[in-house]
Amino acid sequence: MEGDECSFPPDSSDDLSQRGSVASSATLSRAQDVLIYLFGETAVHLTVEGLGSVTVQELGRIVRETIHIPESAQDVFAFWLTSPLLELQLKARHQPYKLCRQWQDLLYRFTEASEEDISQDEPCLQYRRNVFYPKSKELQIEDDGVLRLLYEEARNNILTARYPCDPEHWTSLGALCLALDEGTGLDSEKLTATIKEKKLSSFLPAHVAMGSGGLFSTLRGKSSRQAGLEQNLLEEYRKISTSAGETTQLLHQYLNTCHTLPYYGCGFFFGEIDKPVQGLLHRVKRKAVSVGICLEGVYVMDVKEKHVLLGLRFSELSWDHSYPEEEGDSHILWLEFDGEEDGTPVNKLLKIYSKQAELMSGFIEFCVELKSASEGGASAESDREASLSQEPGGQGGSNKNGRGGRRGMLRRQSSVVCSRVHSLNTISYVDNGKEIKRLKPKRAASFFNRQATAPSYSAVQVTESLEQG
């Protein structure tokens, strides 16, 4: 697997009941049926000649002609092989049928699934957003068909909480869904009836619509809670109705709101991190996380709590991955970033245990190279501005990011989008190596003397002492 191929955690909310979208006939030289799945519970039925050797590039041309995607938007979407166990974005040169034949090998290599689950798993072919398509270009799209596909995918990621968001986000996005599904002219009575008929989970994230807590608390507060959510949707819908425009405008508004989420458009990977040590025995347990990686940075999210644990731009981190040295060891992705312990500047290391660590490391490196090549020196300026904006007390005018300086600390906030560094079990060490010996990074100098005028990236060299920490 190469660096720009990505894999994702299983998404239990995706009901891909129709499996095996790629035909498996032995006579592959003849015309065969292929199903290409789209978000929004639709699929494209194609008849393809020479299925066994057809490439993603050739298949893309056929799909774009079939669903009327303009050539100017050919880079917006990509083909994916997906199943409940693994998701992979394919390159133009890949041959989907051959990758399907290798699917079990890929599952053994990149997942922790059981042998029984692997033997029963079968991928389907999906046409969806290209992880490497810049958000800035997406804002320029005017074609309704393209925007609708992007909207359906974003909506799915919001409703399944793959994109965690705050109440103000999910309420406005839910109201936009109502307007796009039902129009902007519904009165209060029809709107309430529509919500009850389709259920709140059609417009709000499932964990929000269903609530949380024990059985009795859920039963006791469900009615009043849902009434409050419906009222908030109604009020937000009225705001949209009074300033409603064409469908294109509503689609743009939905996507623009999603763009405020830093992990919009990310490729997602599955892993685990250590929980903070608790109890007298100091036993270390792990929690499940999803790791989102895009052209802007890396985001580690708590799968259960639906919030961000750590978000870093590429200029704020170093990374590396390590292979298991003994049986029972894990593949590890190491993320290094600036931190503070009792007022002392330190480097922090976060260990992410995952059989997809190699994929994540390669994905990060490819994104860094792609971003550097496309933006050049502009990326350094944008990173500097973003870093300054994170400094508490509005101290953006200070020279903390000059030579030998340090970036602003990540703040602890209640928003699901903000990092929760305090809740992470990290390895902290000082730059001079007095606490933990640290080898010289591969590709760049330490964070403590990084220049703000040019982006640089490095990978952590893992030593035995670090792994035992």
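Let's start with helix α8, residues 188-198, where Leu191, Thr194 and Ile195 are the buried residues. Those three cover an arc of only 95° around the axis, which puts them on the same side of α8. The arc here is that of the directions from the helix axis to the C-beta atoms. Buried means under 20% relative accessible area, exposed over 50%, and partly exposed in between, with a 1.4 Å probe and protein chains only. The face of α8 turned away from the buried side carries exposed Glu189, Lys190, Lys196 and Glu197. Right after α8 comes Lys199, with a positive phi near 75°.

A quick word on what we're looking at: this is a predicted model, where local features need pLDDT of at least 70, side-chain atom pairs count only at pLDDT 80 or more, and totals for chains, interfaces and linings use all residues. Residues are numbered from 1 along each chain as its sequence is written, and side-chain values use heavy atoms, leaving out hydrogens and water. Helices (H or I, at least four residues) and strands (E, at least two) are DSSP runs, numbered from the N terminus.

Now to α3, residues 103-110, with Trp103, Leu106, Leu107 and Phe110 buried. Their arc is only 100° around the axis, which puts them on the same side of α3. Why would that spacing work? An α-helix has 3.6 residues a turn, so residues three or four places apart point the same way.

On to the charges. A salt bridge is a side-chain nitrogen of Lys or Arg within 4 Å of a carboxyl oxygen of Asp or Glu, and by this rule the count comes to 14. One of them joins Glu87 and Arg162, at 3.6 Å, N to O. Glu87 lies in strand β4 (residues 87-89) and Arg162 in the loop between α6 (144-159) and α7 (167-182), so this pair ties together parts that are 75 residues apart in sequence. Both Glu87 and Arg162 are buried, and they belong to a network of salt bridges with Arg128 and Glu153.

Then there's Arg129 with Glu138, a salt bridge at 2.8 Å, N to O. Arg129 is buried, with a relative accessible area of 5%, and Glu138 is buried too, at 2%.

My last pair is Asp302 and Lys287, in a salt bridge at 3.1 Å, N to O. Asp302 sits in strand β8 (residues 297-302) and Lys287 in strand β7, 15 residues apart, so to speak of distant parts of the chain is fair. Asp302 and Lys287 are both buried.
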